[in-house]
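Here are my notes on the packing in this one. Have a look at the model first, then read on.

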Amino acid sequence: MELEEMQSIWSELSGQLEKQKKLTDKMIIMMTQDKFRSKINKIAYPELLGTIICFGSAILILMNLNKLDNWYNMISGIVSLLILIILPILSLTSINRMRKVEIATNNYKETLLSYAKRKKQFQTVTKWGYYLGFILMFTIMPITTKILNNKDLFSETKRVWPFLIAIPLAIVFFIVFSKWVMKFYNKNINSAESLIKELEDTGI
């Protein structure tokens with residue numbers, strides 16, 4: 001076999017190997033992208049369900065604003081409305097931004113920086129959600145009593161005492177549940193970040 005023929009065969013084999021490597025790299029990136037979005041979806045689906053509940057509650061309050069016939073019920077209603085509408089929008093927007101991080105089109109460094117920025121935004125929204133959710137727990141109680149039973153929670157002592165007794169239990173439940181949710185969310189967003197970091201080890 002002549003040298004030129006051997007060089008030609010080697011060049012052809014090298015080209016095929018390069019194509020195979022590119023195809024393999026592309027498949028790895030696509031699989032990573034799918035796994036990445038799957039991790040983010042584990043956060044997105046519960047938040048979507050929460051958004052439906054929040055918007056449903058907001059609509060119920062709006063339809064019964066006329067029942068909030070004193071200043072503290074009206075203030076509670078307005079504060080509850082703002083939290084129920086604004087917070088889910090901010091949460092879903094920040095999740096969608098994380099989900100839209102493109103692993104395939106950006107290089108490793110750009111992808112990691114982009115995700116880190118969006119992850120921080122989501123964690124900020126989550127932190128605000130914790131504080132606003134705590135406020136909502138108190139503002140929603142009097143208007144729920146008024147809308148569903150047409151009774152003022154603070155007008156009679158016999159209604160106030162159960163409310164005061166329930167407050168410590170509600171606070172404990174809220175803190176425990178919120179910490180569990182945050183732990184679940186952080187686990188998934190950190191796992192999604194790890195998937196991006198793993199690409200560096202593959203040399204893609």
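The points below cover the cores and the aromatic pairs.

1. A word on the basis: this is a predicted model, where local features need pLDDT of at least 70 and side-chain atom pairs count only at pLDDT 80 or more, while totals for chains, interfaces and linings use all residues. Residues are numbered from 1 along each chain as its sequence is written, and side-chain values use heavy atoms, with hydrogens and water left out.

2. The largest nonpolar core (buried Ala, Val, Leu, Ile, Met, Phe, Trp, Tyr and Cys joined through side-chain atoms within 4.5 Å; buried is under 20% relative accessible area, exposed over 50%, partly exposed in between, with a 1.4 Å probe and protein chains only) has 18 residues. F36, I40, Y115 and F122 have the most contacts inside it. Helices α1 (3-63), α2 (71-99), α3 and α4 (157-202) each supply at least two of its residues, and α4 gives the largest share, six. Helices here are DSSP runs of H or I, at least four residues, numbered from the N terminus.

3. A second, separate core of 10 residues includes L68, L81, L136 and I143.

4. On to the rings: Phe, Tyr and Trp (its six-membered ring) pair if their centres lie within 6.5 Å, with planes under 30 degrees apart stacked, over 60 edge-to-face and the rest tilted. That gives 11 aromatic pairs. W71 and Y72 sit 5.4 Å apart at 85 degrees, so they are edge-to-face; W71 is exposed at 63% and Y72 partly exposed at 26%.

5. F134 and F138 are edge-to-face too, at 5.4 Å and 65 degrees. They lie four residues apart in helix α3 (108-149), about one helical turn.

6. Ring pairs also link F122, F173, F177, W180, F184 and Y185 into a cluster.
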